[in-house]
Amino acid sequence: MEGAGYDPARDTISALAASGAAGFWVMTGAFLGLGACHLVTAWGLRAARPAGRLALAGGVVALVVALFPVPLSGGSMRHGSAAAAGFALLAAWPVLAVVPDGPAPWALRPVPAVAVTTAMTLGAGWFLVETERHGTAGIAERSVTFLQALWPLVVVASCLLHRQRADAAA
């Protein structure tokens, strides 16, 4: 919808939701839907520790990102601050959700959680570097946001499999 002026390798996802962008309503809707999904997942993920669920619910920051779109040119401190808060909360939630004792679903164990948090943190660092050097920020951002969107699904699937195995063993 943005045409040839938009380069997905260099331009950010937020540019698609910029005030006045051709398809801003599509990305704004996606941000709103994503924030709602993080909230619902955090609410229903009873196997995770409360701190992790709270950090995942912090993904509701996507709603704030949608409320403060970037301008067509330049930056926005409110948008950038909300996006940074969202990146931080979504990177921290896997480790905060770890179940420290007893049998836990695979994705709520320390090793996978630390690996995913590390990957998200490194990805956010990569995004910052690419943004600063005017490089492939779009690729870096999409890599991180893909992992941030995928990991809740992996955790939920892990919890469902764990519960099925526990029910079968009983």
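Which helix gives the most to the lining of the second largest pocket? The answer is helix 7, with 4 residues. The model is a predicted one, where local features need pLDDT of at least 70 and side-chain atom pairs count only at pLDDT 80 or more, while totals for chains, interfaces and linings use all residues. Residues are numbered from 1 along each chain as its sequence is written, and side-chain values use heavy atoms, with hydrogens and water left out.

A pocket here is an open set of points on a 1 Å grid over the protein atoms alone, where a 1.4 Å probe fits, with protein on both sides within 12 Å along at least five of seven lines; lining residues have an atom within 4 Å of a point. The second largest one has a volume of about 190 Å³, that is, the space filled by probe spheres set on the points. Its lining is made up of T41, G44, L45, R46, A47, V156, C159, L160 and R163. At least two of these residues come from helix 2 (24-44), and at least two from helix 7 (137-169); helices are DSSP runs of H or I with at least four residues, numbered from the N terminus. Sorted by class, the lining has 5 nonpolar, 2 polar and 2 charged residues, with Gly counted as polar, Cys as nonpolar and Arg as charged.

What about the cysteines? With a disulfide taken as a pair of cysteine sulfur atoms within 2.5 Å, the count is 0. The sulfur of C37 has its closest cysteine partner in C159, 17 Å away, so the gap is too far for a bond. C159, at 13% relative accessibility, is buried (under 20%; exposed is over 50%, partly exposed in between, with a 1.4 Å probe and protein chains only). C37, at 48%, is partly exposed.
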